[in-house]
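Welcome! Here is a short tour for anyone meeting this structure for the first time. Please keep the view open beside the text as you read.

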Amino acid sequence: MADPVRVAVLISGRGSNMLALSEHKRRDPERTYRIELVASNVPEARGLVLAKRLGLRTWAKSHEGMKRAEFDALLDAALEEHGIEIVALAGYMRLLSPGFVDKWEGRILNIHPSLLPLHKGLDTHRRALLAGDEFAGCSVHVVTADLDSGPVVAQARVKILPRDDPESLAQRVLEEEHRLYPLALEEYCRAVRELES
Ligand code: GRF
């Protein structure tokens, strides 16, 4: 059986998706990926505390006062040091530099809380409600140079209810995120290994 793909999860905040990714099949000998590193541009991110509790390796550095490319070069060095093969963005609230995206082309995934290509960017649930959408949801996509625009690899839909506000909708979508992201990452990592063989 092939070795699990070495994954880094990039976070900036609470880290609930990171938790879902790291818990998924953690003890399954047939798992297709393993979280090798949790990295953050926000040293006080709540998710880092969770990651440390889980015994995961962490890397944190504030991006403040640094040029984007300069910060991303440090991040890249940390990923290389840990032999990372796939990068999973999970609430990483910072645009990646073109050079970084170029180098990791096809090897960065992101989860976005909308049914892409609808509602790219921030405040997705409010915008879905304002637009009168019937469904909200989440998308896992490959990261490219354009924000939230790379190929979608998995989506989950959530019915919008008449009583929904952005918070209630966000909560139900988040539950779907936690279900979808590990499955999508697993599939992606399986494909990575298959391409190699
Ligand atoms: C999630 O809603 C994710 O879709 C978006 O940022 C949020 C991160 O939440 N990109 P968490 O840090 O994983 O709890």
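Glu23 counts as partly exposed, because its relative accessibility is 37%, and that lies between the 20% limit for buried and the 50% limit for exposed. Please keep in mind that this model is predicted. Glu23 forms a salt bridge with Arg26, with 3.1 Å between the closest N and O atoms. Its partner Arg26 also counts as partly exposed, at 34% relative accessibility.

**Salt bridges**

How many salt bridges does a search of the whole structure find? The search finds 15. Besides the pair just described, another one to look up is the salt bridge between Lys25 and Glu186, where the closest N and O atoms are 2.7 Å apart. Lys25 lies in the loop between helix H1 (16-23) and strand E2 (33-40), whereas Glu186 lies in helix H6 (residues 166-196), so this pair ties together parts that are 161 residues apart in sequence. The two partners also differ in their surroundings: Lys25 counts as partly exposed at 36% relative accessibility, while Glu186 is buried, with a relative accessible area of 5%.

Helix H6 holds a further pair to visit. Glu176 and Arg179 meet through their side chains in a salt bridge of 2.7 Å, N to O. How far apart are Glu176 and Arg179 in helix H6? They are three residues apart, so about one helical turn separates them. Glu176 counts as partly exposed at 22% relative accessibility, and Arg179 counts as partly exposed at 44%. Elsewhere, Arg6, Arg34, Glu36 and Arg57 are joined into one network by salt bridges that share partners.

Here are the three pairs side by side, with the distance for each.

| Salt bridge | N to O distance |
|---|---|
| Glu23 and Arg26 | 3.1 Å |
| Lys25 and Glu186 | 2.7 Å |
| Glu176 and Arg179 | 2.7 Å |

**The ligand and its surroundings**

Now turn to the ligand. Which residues surround the ligand? They are Arg14, Gly15, Ser16, Asn17, Gly91, Ile111, Pro113 and Glu177. Some of these residues come with atom-to-atom distances. The side chain of Arg14 has an N or O atom 2.5 Å from an oxygen atom of the ligand. Gly15 takes part through its backbone, where a polar atom is 2.9 Å from an oxygen atom of the ligand. For Ile111, a polar backbone atom is 3.0 Å from a nitrogen atom of the ligand. Taken alone, the ligand exposes 370 Å², and the protein buries 85% of that. The largest pocket is the space that the ligand takes.

**A buried serine and a distant pair**

Ser12 is found in the loop between strand E1 (5-11) and H1. Is Ser12 buried or exposed? Ser12 is buried, because its relative accessible area is 12%, which is under the 20% limit. The side chain of Ser12 is joined to the side chain of Asn41 by a polar contact of 2.7 Å.

Leu54 belongs to another loop, the one between helix H2 (46-53) and strand E3 (58-60). At 28% relative accessibility, Leu54 counts as partly exposed. Try finding Leu54 and His119 together: they are 65 residues apart along the chain, and their C-alpha atoms are separated by 33 Å.

**Backbone features worth a look**

Most peptide bonds are trans, and most residues other than glycine have a negative phi. With that in mind, a few places in this model deserve a visit.

The peptide bond from Leu116 to Pro117 is cis, and its omega is near 15°. Pro117 itself lies in the loop between strand E5 (108-112) and helix H5 (124-130).

Lys25, already met as the partner of Glu186, returns here with a phi near 50°, a positive value in a residue other than glycine. Its place is the loop between H1 and E2.

Asp148 has a positive phi too, near 55°, and is likewise a residue other than glycine. Where does Asp148 lie? Its place is in the loop between strand E6 (135-142) and strand E7 (152-159). Asp148 counts as buried, because its relative accessibility is 9%.

Conventions:
Residues numbered from 1 in each chain as written. Predicted model: local features only at pLDDT ≥ 70, side-chain atom pairs only at ≥ 80, totals over all residues. Heavy atoms only, no water. Salt bridge = Lys/Arg side-chain N within 4 Å of Asp/Glu carboxyl O. Buried < 20%, exposed > 50% of the residue type's maximum accessible area, 1.4 Å probe, protein only. Helix = DSSP H or I, 4+ residues; strand = E, 2+ residues; numbered from the N terminus. Near = heavy atom within 4 Å. Polar contact = N/O pair within 3.5 Å; in protein donor to acceptor, adjacent residues only side chain to side chain. Areas by Shrake-Rupley, 256 points an atom, 1.4 Å probe, with all protein chains shown as cover. 1 Å grid on protein atoms, 1.4 Å probe; cavity = no way out; pocket = protein on both sides within 12 Å on 5 of 7 lines; lining within 4 Å. Sits in = over half its atoms within 2 Å of the grid points.
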